[in-house]
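Hi everyone, thanks for making time for this. Have a look at the structure I'm putting up, and then I'll walk you through a few spots in it.

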Amino acid sequence: MVFLIFIIVVGVQRLTELFIAKRNEQWMKSRGGVEFGASHYPWMVAMHIGFFAALILENVFLNRGVSDLWPLWLGLFFAAQAGRIWALSSLGKFWNTKIIVLPNARVVAKGPYKWMKHPNYVIVAAEIIVISLLFNAYLTAIVFTVLNYFMMRVRIPLEEKALKSLTEYEAVFKSPNS
């Protein structure tokens, strides 16, 4: 029952985020926002849906149950959620699940973006591991950590290139040692 409630809560959260992303996409595109990486986006969506499907299948068919270390994993999950909210709210209307760049927009360098370029991707990677381990879904943790790694090897360079091409991204995130 705990597993079902958890999946429903996280599912509602993700659907709410998709609604916000769609609204932000419309706002950005109405102001000249340009989308990049449309060809890889369906694969990313499939990976995230696949993660939840694998988590459910592993839990049901292999009877995994909740980890004995659940307080640790749940605490880390809540910490990741706090980071997720911080990252998304820092970007505001510029946050999206797609790579959409508004030409000449001011680059966000506040919140967690003050210290790292892609905090939400770090949070997603942590969530894949933490949610899986919360329910002893070791296979799901391994497979989707690897898949996410390869997805980020495509997505992050593409996002960086898009931001550099249409904003002052490079100047904002210029290393003090360069």
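So, salt bridges: there are nine of them in this structure. Keep in mind as we go that what you're looking at is a predicted model.

Let me start with the pair E17 and R84. Their side chains meet in a salt bridge, at 2.7 Å from N to O. This one ties together distant parts of the chain, with E17 sitting in helix α1 and R84 in helix α3, which covers residues 70-91. The two are 67 residues apart. And are they buried or exposed? Both E17 and R84 are buried.

Now slide along α1 to E25. What does the side chain of E25 pair up with? One partner is K22, in a salt bridge of 3.4 Å, N to O. K22 and E25 are three residues apart in helix α1, so about one helical turn separates them. The other one I want to show you is K29, whose side chain meets that of E25 at 3.0 Å, again N to O. Here the spacing is four residues in α1, so once more we're talking about roughly one helical turn.

How covered up are these three? E25 has a relative accessible area of 6%, and the cut-off for buried is under 20%, so E25 counts as buried. K22, at 41%, is partly exposed. K29 is partly exposed too, with 36%. And the story doesn't stop with those residues, since salt bridges with shared partners join K22, E25, K29, E35 and K98 into one network.

Okay, let's stay on α1 but go back towards its start. The helix runs over residues 2-30, and V9 is part of it. Is V9 buried or exposed? Its relative accessibility is 54%, and exposed means over 50%, so V9 counts as exposed. V9 also has company: together with M1, L4, I5, I8 and V12 it forms a nonpolar patch on the surface. Taken together, those residues have about 630 Å² of accessible area.

Next up, how helices pack. α1 sits against helix α2, residues 41-61, with the axes 11 Å apart and an angle of about 170 degrees. Anything over 145 degrees counts as roughly antiparallel, so that's what we call α1 and α2. Which residues meet there? From α1 you have F3, I7, V10, R14 and L18, and from α2 it's Y41, F52, L55, I56 and N59.

While we're in α2, find P42, which belongs to that helix. With a relative accessibility of 47%, P42 counts as partly exposed. Now look for V122: in sequence it's 80 residues away from P42, and in space the C-alpha atoms are 20 Å apart.

Last stop, another helix pair. Helix α4 is residues 119-134 and helix α5 is residues 138-166, and their axes come within 9 Å, crossing at roughly 175 degrees. That angle makes α4 roughly antiparallel to α5. The contact list here includes Y121, V124, I128 and L133 on the α4 side. Across from them, in α5, you'll find residues including Y138, F144, M152 and I156.

That's my tour, so go ahead and spin the model around yourselves. Happy to take questions.

Definitions and conventions: Residues numbered from 1 in each chain as written. Predicted model: local features only at pLDDT ≥ 70, side-chain atom pairs only at ≥ 80, totals over all residues. Heavy atoms only, no water. Patch = residues over 30% accessible without salt bridge, like charges linked within 9 Å, V, L, I, M, F, W, Y side chains within 5 Å. Areas by Shrake-Rupley, 256 points an atom, 1.4 Å probe, with all protein chains shown as cover. Salt bridge = Lys/Arg side-chain N within 4 Å of Asp/Glu carboxyl O. Buried < 20%, exposed > 50% of the residue type's maximum accessible area, 1.4 Å probe, protein only. Axes fitted to C-alpha atoms, helices over the stretch in contact; angles between N-to-C directions. Parallel < 35°, antiparallel > 145°, perpendicular 65-115°, else oblique. Contact = heavy atoms within 4.5 Å.
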